[in-house]
Amino acid sequence: PDLEPSVSLKPPPEVRAQMKSSMKRRGGDDSDDEEESTLIMPPTVSFKVNSLHRPTKKVGFFKALMSGSVKDLFSSSKGSKSAVFGSSGSKKNLQLGRSASAESGRDARAHGEEHEEEEEMELLPLNEVTDEQREAVATCMRKELPLWVRTSVHLTVALICIGLSVLNTTYPTRQMHQLVTLAPTINQAGRRRFLTRSCVHLSRELVLDDGFSRMKKAEIASALHFYLSELKVANDAVRLGGALDITVGADHRNEEHNRIMYGKGCPWRDDPTDCSTPERPGAASNGLYHLSLSFFDAIQSVLIRYGPDPPFEYTDAFLTNPRLNLTEEKDFETVIVDKNKTMLLSSDPELVFVLNSFAGDMFAGFALLVEVFDQELRDIVMFATEDNQSIFVVYMLATFIGFYLLLFRNAVRCASAETSKARAFVARIPSYTLSQLEIDTVASIFSGER
């Protein structure tokens, strides 16, 4: 509230009464009692409370009171005892004192008004803050903020956590193309075992041709040619890729596969040091790829030597026509085993080599490669899982230590301390000296209002 000073050169009633009685005892003039006494009394200051405006700086007035003729008036009143109590009671002296006092009062008021105009400063209301002032205060506060409550720090840590979260999801998928390739690779690698045994079985039936398979020689020869072609395509796709949904062949990514396929020895055998094949020397000692080429050559030899006589064309009729019907049952009413043909199974080296591949080197080599691909799949999944777990641990540590412990807890602690300071500040505000508008303005700070 404003304290507006007002000056009165007239003494209080009790003082005037005391001065009047004293002048009568000393022989003074009664006609000039109150007016004369007020001329030499020191000025009294009173204050008026204005509750509708902000405090105004009124220092010029008080400087005027204590300067110039008013100060001389105080010194003359203290120095001359007769001037106060009027021992001579001279009316002339009182008139001179009256004129001097009036003149000094006028000078004091003029001097005070001049200083008021120069030094008076009106303060802005609490709810009238310019944008420049608000921005300046915000800038200063940002510079003084601790590290853990700055927006930039929180944003940086949040971006790190989001980046780790994205990395935790995307980084293990860098080997996704290998997983996509491994699925059809394992499928075709296992299918090669089935195709190998199918070729061995059909080769045997083609040589015997005794009707036990319920297939004619032309159908057996067509089926053998078909499965041999499928075996070659599957083998090339597993090795080189580019077919049967295999994008990258094992030759370009798996060293263990290359060692088995193209290295010396026969690692698929129980005794890898013994790679002898009497029916076809050296077929198993130069790797599985060389063995597979020998097997393909032996099947092709069987087709030529024991297949239908030319001219003959391979067809796929065996895939669509039913094996048993009324017209074909008559062809298999009598099934006779030809012992001469049975003897060929053990006397022909090419046929022996093919028959031994049913559960021998060819089948065992392809089975070993299936295990190699299964292990490759397990390794990829294991590495992806370890990477995922490692990145997840880093993500959790960054979130818990970096965000929660270093930032969140300290920010909450800092906010709690600022709350305590704000409460202490509000408790010290002399609200009884504020206007209603100022009280509402202070309350709006804590209610979120602008």
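## Salt bridges, aromatic pairs and the nonpolar core

In this predicted model, Glu205 has a relative accessibility of 6% and therefore counts as buried. The cut-off for a buried residue is under 20% relative accessible area. Glu205 is also charged, and its side chain meets that of Arg204 in a salt bridge. The N to O distance is 3.3 Å. Arg204 is partly exposed, because its relative accessibility is 35%. The bridge thus joins a buried partner to a partly exposed one.

The setting is a chain of 450 residues, of which 34% count as buried. Its secondary structure consists of 17 helices and two strands. The chain exposes about 27,600 Å². Carbon and sulfur atoms supply 59% of that area. Among contacts with a separation of 6 or more, 76% are made by residues 24 or more positions apart.

How many residues make up the largest nonpolar core? This core has 49 residues. Leu206, Trp268, Leu288, Leu291 and Phe295 have the most contacts inside it. At least two residues of the core come from each of the helices α9 (176-208), α10 (217-240), α11 (255-262), α12 (288-306), α15 (349-356) and α16. Such grouping follows a general tendency: in soluble globular proteins, nonpolar side chains tend to be buried together. Leu288 illustrates how parts of the chain meet. Beyond its neighbours within four places in sequence, Leu288 is in contact with Ile260, Met261 and Trp268. Its other contacts of this kind are Asp361, Gly365, Phe366 and Leu369.

Aromatic rings form a further set of contacts. The structure holds nine aromatic pairs. In one pair, Phe392 and Tyr395, the ring centres are 6.3 Å apart. The planes stand at 40 degrees, so this pair is tilted. Stacked planes would have to be under 30 degrees apart, and edge-to-face planes over 60. Phe392 and Tyr395 both lie in helix α16 (residues 361-428). They are three residues apart, about one turn of the helix. Phe392 has 40% relative accessibility and so counts as partly exposed. Tyr395, at 22%, is also partly exposed.

A second pair comprises Phe400 and Tyr404, with ring centres 5.6 Å apart. The planes meet at 20 degrees, so the pair is stacked. Phe400 and Tyr404 are separated by about one turn of helix α16, because they are four residues apart in it. Phe400 is partly exposed at 46% relative accessibility. Tyr404 is partly exposed at 33%.

Elsewhere, ring pairs link Phe194, Phe226, Tyr227 and Phe318 into a cluster. Rings also receive charged groups. The charged end of Arg197 sits over the ring of Phe363, 3.7 Å from the ring centre. The charged end of Arg280 sits over the ring of Phe353, and here the distance to the centre is 5.3 Å.

The structure holds 14 salt bridges. Side chains of opposite charge can pair when their charged atoms come close. Arg239 forms one such bridge with Asp236. The closest N and O atoms are 3.0 Å apart. Both residues lie in helix α10. Three residues, about one turn of the helix, separate them. Arg239 is buried, because its relative accessible area is 7%. Asp236 has 35% relative accessibility and so counts as partly exposed.

Another bridge is formed by the side chains of Arg305 and Asp348, at 2.7 Å from N to O. This pair links distant parts of the chain, 43 residues apart. Arg305 lies in helix α12. Asp348 lies in the loop between α14 (339-347) and α15. Which partner is buried, and which is partly exposed? Arg305 is partly exposed, because its relative accessible area is 46%. Asp348 is buried, because its value is 6%. Bridges can also share partners. In this way Asp236, Arg239 and Asp251 are joined into one network.

Notes:
Residues numbered from 1 in each chain as written. Predicted model: local features only at pLDDT ≥ 70, side-chain atom pairs only at ≥ 80, totals over all residues. Heavy atoms only, no water. Buried < 20%, exposed > 50% of the residue type's maximum accessible area, 1.4 Å probe, protein only. Contact = heavy atoms within 4.5 Å. Areas by Shrake-Rupley, 256 points an atom, 1.4 Å probe, with all protein chains shown as cover. Phe/Tyr/Trp six-rings, centres within 6.5 Å; stacked < 30°, edge-to-face > 60°. Lys NZ or Arg CZ within 6 Å of the ring centre and 35° of its normal. Core = buried A, V, L, I, M, F, W, Y, C linked by side-chain atoms within 4.5 Å. Salt bridge = Lys/Arg side-chain N within 4 Å of Asp/Glu carboxyl O.
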